[in-house]
Amino acid sequence: GRHSMLPRHVQRLGRDWITHWNGSQILALNSPVSSCMRWAGHYPPWASFPLPISADFSANWRFPPFFGPWRPGFQNSNWHLDNYAQSCCFHLPNPSMKSEGEEPLTKKRRLSGQDDTSTPEQETNLSSQKEVSCLSVAQNEEKHGSKKGTIKRHWEYFCQQSKTMKITKDKGSDQSSTGKEAEFDFTVMSYNILSQNLLEDNSHLYRHCRQRLLFWTYRFPNILQEIKELDADVLCLQEVQEDHYRTEIKSSLESLGYHCEYKMRTGRKPDGCAICFKTSKFSLISSNPVEFFRRDIPLLDRDNVGLVLLLQPRFHCKANAAICIANTHLLYNPRRGDIKLTQLAMLLAEIASVAPQKDGSFCPIIICGDFNSVPGSPLYRFIKEGKLNYEGLAIGKVSGQEQFPRGQRILSIPIWPKKLGISQNCVYEIKQQQKEENAGEKLEAAKPDNTQEIVIASEKLSSKLQHHFKLSSVYSHYFPETGIPEVTTCHSRSAVTVDYIFYSAANDDTAAQPGAEDSFCGGLKLLGRLALLTEKDLWTVNGLPNENNSSDHLPLLAEFRLIER
């Protein structure tokens, strides 16, 4: 007869446990087990192995005693993992889960502030009603709406012309037309693709994921498909594992028309940063890797890196036009804001040495990456505002990653030693001295401009950091209708924004935040961006990574127009 009840410890195993039950013979001997018994990455206390395991079971392996007595011939049976009998199966449901792929109701209540009894269809309709009126739904519904369990990300346009531009771009129009009508439009993606090595070293962050979704053989085709569909002209990738880059990633991207530049971390962790650009849109002027490790400076004992490229647009009316693209992945440690700020200063100093043009102004600049800092934090404000007075600032509050950081150690003044060779203005000291000498000569003939006044004043106030770029963020970090935060990464521990695309905005860029209008030379106009999601949105597909999104970060994508001065 049928067993009407199960032991309590079996019932508690979770919604995804499936067990074969067939009267006198509890388990079908020649059916697989890995697919029969799975629980979203969690393993019961009696399991002596992580699932899945090798295809052949050991003859000495024993099932736990609650599965009951075995027939004499059981230990001689050969078990296979890839398929299991569809018959004689039952599911052990967990009442706290609504359906496969959704987060627990307790998490839903925490996010929404009340009991959530709406259906997935109702939630989708509600989120659609809250979308900004400027969203164009068609573009990404076509690309992302076909897969089950995928959340659609919409394209937000800030310029009506960008829609027509995309049509002409798809038809292969030549952007080298002469006169004032000539415009250069391009897209930039920033994407932390999650190094397999880091995934395995931090497996506790992915307990919500099914084991099979975490294998590189499953993840890489998904990541590559995302890159193909989004079709950016410039890719800024973080956590690119060196062996995967050498054997798969580089060749795959080259087959899509990209030229790839790569900088591996200097320590034992085998990942790094890559910038890849379409050779049909850009040519390489220079590639400049930045190593944040300094053997002779104890503060700089971490192996993070950056990469700065100077690119020349093709099909443009101005022969000497250039765009500076920077990519980095700053230190994660929330309690080492001193290291984060120093790494950022080193990256800005390299940009300042690469981006100047013949007339002394800077070419348009785009800085992408995983900054391991949240919006509104001192580090974030320093990037956007160009200045930071860090006197009395606790090291643990620099990145804003922890609401109540442990320890109250204050940033030292100055943060980094003089032998680093970088001034408080985030430029190399040699160039700073040359600039000051030139400024001193001009002081006798005329009053110095605002930039020179800033340089002289900042050297007197050593607790003030400054940089020379007027930068704006592509994303606003909060949904304007609700105030709910946007999210760029989501795993078992947290869901926050740490990834950014900063750019030097043109004077007429209506999407730029206040204070970013007076860029040094023309700059960039933001035409559109791929909208981000909320934490609640992501947990409807079981967070990140999931079946269709194979990193714990979302790709950021923006479209720019190069504006000449």
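**Group meeting talk: a walk through one chain**

Okay, let's start with the whole chain: it has 565 residues, and buried residues make up 51% of them. Keep in mind, as we go, that this is a predicted model. The chain holds 13 helices and 20 strands. Its accessible surface comes to about 27,000 Å², and 51% of that belongs to carbon and sulfur atoms.

Now, contacts. If you take the contacts in the chain with a separation of 6 or more, 71% of them are between residues 24 or more positions apart.

Let's zoom in on a strand. Have a look at β20, which covers residues 556-562. Is it buried or exposed? Seven of its seven residues are buried, so the strand is largely enclosed by the rest of the structure. Here's a bit of background: in a regular strand the side chains alternate between the two faces of the sheet. In β20, Leu556, Ala558, Phe560 and Leu562 point one way. Leu557, Glu559 and Arg561 point the other way, and the residues of both sets are all buried. Yes, that list includes Glu559 and Arg561, so don't skip over them when you look.

Which strands does β20 pair with? One of them is β5, residues 184-192, which runs antiparallel to β20 and is joined to it by seven bridges. To find your place there, look for Ser190, standing opposite Leu556 of β20. Another is β19, residues 524-530, again antiparallel to β20, this time over five bridges. There, your landmark is Leu524, opposite Leu562 in β20.

Stay in this area and turn on the rings. Phe560, one of the β20 residues we just met, belongs to an aromatic cluster together with Phe184, Phe186, Phe282 and Tyr503. There's a charge to spot here as well: Lys281 lies over the face of Phe184, at 5.4 Å from the ring centre.

How many aromatic pairs does a search of the whole structure find? It finds 14. Let me show you one, Tyr245 with Tyr262: the ring centres are 4.3 Å apart and the planes are at 15°, so this pair counts as stacked. Tyr245 sits in helix α8, residues 242-255, while Tyr262 is in strand β7, residues 258-264, so the pair ties together parts that are 17 residues apart in sequence. As for Tyr245, it counts as buried because its relative accessibility is 8%, under the 20% cut-off.

While we're on β7, follow it to its partner. Strand β8, residues 271-278, runs antiparallel to β7, with seven bridges joining the two. They form a hairpin, with six residues between the strands. Within that pairing, Lys263 stands opposite Cys273 of β8.

A cysteine brings me to my last topic. A disulfide is a covalent bond between the sulfur atoms of two cysteines. To count one here, we want two cysteine sulfurs within 2.5 Å. How many disulfides does that give? The count is zero. Take Cys236: the nearest cysteine sulfur is that of Cys368, 3.8 Å away, and Cys236 is in no disulfide. Cys324 is in no disulfide either; the nearest cysteine sulfur there belongs to Cys363, at 5.3 Å. Are these two buried or exposed? Cys236 counts as buried because its relative accessibility is 0%, and Cys324 is buried too, with a relative accessible area of 0%.

That's my tour, thanks for listening!

Note on methods: Residues are numbered from 1 along each chain as its sequence is written. This is a predicted model: local features need pLDDT of at least 70, side-chain atom pairs count only at pLDDT 80 or more; totals for chains, interfaces and linings use all residues. Side-chain values use heavy atoms; hydrogens and water are left out. Buried means under 20% relative accessible area, exposed over 50%, partly exposed in between (1.4 Å probe, protein chains only). Helices (H or I, at least four residues) and strands (E, at least two) are DSSP runs, numbered from the N terminus. Two strands pair if DSSP finds at least two bridges between them. Rings of Phe, Tyr and Trp (its six-membered ring) pair if their centres lie within 6.5 Å; planes under 30 degrees apart count as stacked, over 60 as edge-to-face and the rest as tilted. A charge sits over a ring if NZ of Lys or CZ of Arg is within 6 Å of the ring centre and within 35 degrees of the ring normal. Contact means heavy atoms within 4.5 Å. Accessible areas come from the Shrake-Rupley method with a 1.4 Å probe; for residues, only the protein chains shown count as cover.
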